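Hi everyone, thanks for making time. I'd like to walk you through a structure you probably haven't seen before, so let's put it up on the screen.

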Amino acid sequence: MANIPKYYESLNIDFKPPRGNWMDRPLNIKPGIYCYPARPEVLKKAGMNDRSDWGKYWVIEDEDWELPDDWKERFLNKMRDMLGKYRTFKIYMDICVRCGACADKCHYFLGSGDPMNMPVMRAELLRSIYRGEFTKTGKILGRLAGARKLTKDALRQLWYYMFQCSECRRCSVFCPYGIDTAEITIMGREIMNELGMNIAWIQESVTKCLFTGNHLGLQPHTYKECVDTMLMDIEDNVGISFEPSWNRKGAEILFVTPSGDVFADPGIFTLAGYLLLFEHLGLDYTWSTYASEGGDFGYFTANEVAKRMNGKIYAEAKRLGVKWILGGECGHMWRVLNQYMTTWHGPIDFLEEPVSPITGTKFENAKAHKMVHIMEFTADLIKHNKLKLDPSRNDRLKVTFHDSCNPSRGMGLFEEPRYVIKSVCNHFYEMPENTIREQTYCCGSGSGLNASENMELRLRGGFPRQNALRYVREKYGVNMLACICAIDRAALPPAAQYWNPDVGVCGVTELVANALIMEGEGPRTHNLRGFEIATWEPEP
C-alpha cells in the first residue's frame, strides 16, 4: 500500500487549474491513486474476453503497456458497437455544452483538486475520442472541435480516470441536460474491458462470484459456518439460540444480502441484526448458499457480466419456489435491480407481488422485480407496531445517517431508513441538507474502488462526506454513522478513522436489533458487539 499523507497534508488542496491545453498535459500516474490491474488468468477464467494472443499483465507506471497490435481496432469497434446499441451513450456524447454545472460536484475533485476529476472533464476524455474518430466535424476541425485521435497516451489517461469515478451519479443531479456521467464511465469501462483493462479488486470479485457465488470466494459450507459463528455470539450477548433456514424449498421468502455482511466488521453486526429480526417475527424465509452475494460486481465491468450476476438471484428464487425476495443492506444491488433488471430478464412471472406476511402490506413499488428492501420491510413493521422495541438501549449513541448513493439516488430510498433509525434511537441528527438525500456524497470507494493500494484516492474522495460528518460531530457530539450499504460499511471506517477518528460506523439493522426485545432473552446487558449497553461507546 502506498504511503498515505497526514490528514492535515490532505487538506492542502490546490484548486487552481494548470495552464495550457489539457490534451498536451502529460499524465502523472501517482501510486496510491490507482488500483492494481486485473490478472490475465483471472479474466480468462471468467471468460470475460479473448486475450489468447495477449495475456500479459501490465505495469501501470510503465510507459509501454505492451498493448496487442490490434488494440486500437478493438477499442473503436467496441465503441462503435455501443454507440449503435445504447441511445443514451450517443446522446451523452453529443449534447454536453461544457457549462461546468457539474464541475464542483464530484467528491474526487473536491478532495484532490485534480481538474481531470471534474465530471465534465472525465467525460471529455471519451467525448474527445468520439469526436475525433466518429464525427465529420471532429475529423475536419480537430482540436477546434474538441477532438483528438485515439492514441496510447489517450488510452492511458482514459483508464486512469475512469477508475477514479465511483459512479455515484451526484454530478447528474446538477446537470441541466440530464447527462448521467456515471453512464459514460460505465461505457468507458466496458470498452476498455474489451482489452482486458480492468482492475484486480473488481475482476477477482467477479470471478469468485461466478465460481463460488460470492465475492469473498466462500464455499457454501464456509458461508454457513460464518453465520453459525455469529449465532454463537448472539447466544452469548442476547441469551437466545435458534437456527436459520438454509436452501429450503417452499419457503415464502428468499433472503439475499451482500457477502460483506457475512465476513467483515462492522457488517457482521448487520448480519446479526437480520437474524434477530427474522427470528423475532417468526418469518418463513430461507438463506441460499448459491445466491450468496447481493452485490453485482459485474456492473463494474460489462453489461453482460452484470446480467449474469443478477440472474443468479432469480434462478435461485425459481429453484426454491419462493414467493418473493427480501434484500439486505446493499448499494449497487438495488441500483441494478431498479434500473436494469427487467430490461435484462423481462417480467419475473414465476414470483408473486410481494406482500408482507406480518402486516399484509402490498409492496406495489416492487411489483415488477418482486424484491423488497429490508428498510421498506422494517419501516412497515414499525408502522404497524409489529416490533417490540426499547430505543433506550441505543442511548449511548448519537446517530447520523449516510444516504448510500445507489439506494438513495438510484431508487429514492430516503425516508424509510430515517424512520427506522428514529424509531430505535433517541438521538438522531442530520448532516447539512446539501450533503444528504439526493445530494448525498459518496463514501469515496464505490464502483469497485475499495482496494487498499489506492487508499489515498479513497481518503481524498471520502473527504466531502467526512467534512459533513465532522460538522454534526462537532455540533451535536455525533459518534455513530449509520448506512445501508456493505461497501459503505467497508469504506467508511478507514475514512472516519482518518478524518473523524472518534466516530463509529454501523448498519441500520444493527441498531434495530439492539433495540429489539426478543422473546426468551436474558437480562440484556450487552449489545451485538459484545459491549455493555450501559457504558458502550463506538469504537473509532
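**A walk through the model**

Let's start on the outside: Y7, Y8 and L11 make a nonpolar surface patch of about 310 Å². Before I go on, please keep in mind that this is a predicted model.

Let me stay with L11 for a moment. You'll find L11 in the loop between α1, residues 7-10, and α2, residues 40-45. Is L11 buried, partly exposed or exposed? L11 counts as partly exposed, because its relative accessibility is 41%. Leaving out residues up to four places away in sequence, L11 touches F463 and W499. And to give you a feel for distances, take L11 and G142, which sit 131 residues apart along the chain: their C-alpha atoms are separated by 38 Å.

Okay, on to helix packing. Look at helix α12, residues 220-238, and helix α14, residues 267-281: they pack at an angle of about 75°, and their axes are 10 Å apart. So α12 and α14 are roughly perpendicular to each other. Who makes the contact? On the α12 side we have V227, M230, L231, I234 and V238, and α14 brings I268, L271, A272, L275 and L276.

Just before α14 there's a detail in the backbone. P266 lies in the loop between α13, residues 260-263, and α14. The peptide bond joining D265 and P266 is cis, with omega at about 15°. For anyone new to this, most peptide bonds are trans, and most residues other than glycine have a negative phi.

That second point brings me to two more residues. R169 isn't a glycine, but its phi is positive, near 75°. You can find R169 in the loop between α8, residues 152-162, and α9, residues 170-174. With a relative accessible area of 14%, R169 is buried. Then there's K370, also not a glycine, with a positive phi of about 65°. K370 lies in the loop between α17, residues 341-345, and β4, residues 371-373. Buried or exposed? K370 is buried, since its relative accessible area is 9%, and the cut-off for buried is under 20%.

Now let's go inside. How many of the eight residues of helix α24, residues 508-515, are buried? Eight of the eight, so the helix is mostly covered. For the record, those buried residues are V508, T509, E510, L511, V512, A513, N514 and A515. What do they pack against? There's α14 again, together with α18 (374-383), β5 (399-401), α20 (415-424), β6 (480-483) and β7.

Speaking of β5, H402 is found in the loop between β5 and α19, residues 405-409. H402 is buried, with a relative accessible area of 0%. Not counting neighbours within four places in sequence, H402 is in contact with M431, T440, Y441, C442, C443, R465, L481, A482, C483, D488 and L492.

Last topic: charges. The structure holds 33 salt bridges, and I've picked out a few.

In one of them, the side chains of R127 and E124 meet at 3.9 Å, N to O. Why can these two reach each other's neighbourhood along the helix? R127 and E124 are three residues apart in helix α6, residues 119-134, which means about one helical turn separates them. Both R127 and E124 are buried.

Another salt bridge pairs E433 with R437, and here the closest N and O atoms are 3.7 Å apart. E433 counts as exposed because its relative accessibility is 54%.

And here's one more: D502 and R473, whose side chains meet in a salt bridge at 2.9 Å, N to O. This pair links distant parts of the chain, 29 residues apart: D502 is in the loop between α23 (486-499) and β7 (504-507), while R473 is in helix α22, residues 463-476. D502 is partly exposed, with a relative accessible area of 40%.

There's also a network, in which salt bridges that share partners join D403, E415, R418, E430, E433 and R437. You'll recognise E433 and R437 from the salt bridge I mentioned a minute ago.

That's it from me. Feel free to rotate the model, and let's take questions.

Methods:
Residues are numbered from 1 along each chain as its sequence is written. This is a predicted model: local features need pLDDT of at least 70, side-chain atom pairs count only at pLDDT 80 or more; totals for chains, interfaces and linings use all residues. Side-chain values use heavy atoms; hydrogens and water are left out. A salt bridge is a side-chain nitrogen of Lys or Arg within 4 Å of a carboxyl oxygen of Asp or Glu. Helices (H or I, at least four residues) and strands (E, at least two) are DSSP runs, numbered from the N terminus. Buried means under 20% relative accessible area, exposed over 50%, partly exposed in between (1.4 Å probe, protein chains only). Patches are made of residues with over 30% relative accessible area and no salt bridge: like charges are joined within 9 Å, nonpolar side chains (Val, Leu, Ile, Met, Phe, Trp, Tyr) within 5 Å. Accessible areas come from the Shrake-Rupley method with a 1.4 Å probe; for residues, only the protein chains shown count as cover. Axes are lines fitted to C-alpha atoms, for helices over the stretch in contact, and angles run from 0 to 180 degrees between N-to-C directions. Angles under 35 degrees count as roughly parallel, over 145 as roughly antiparallel, 65 to 115 as roughly perpendicular and the rest as oblique. Contact means heavy atoms within 4.5 Å.
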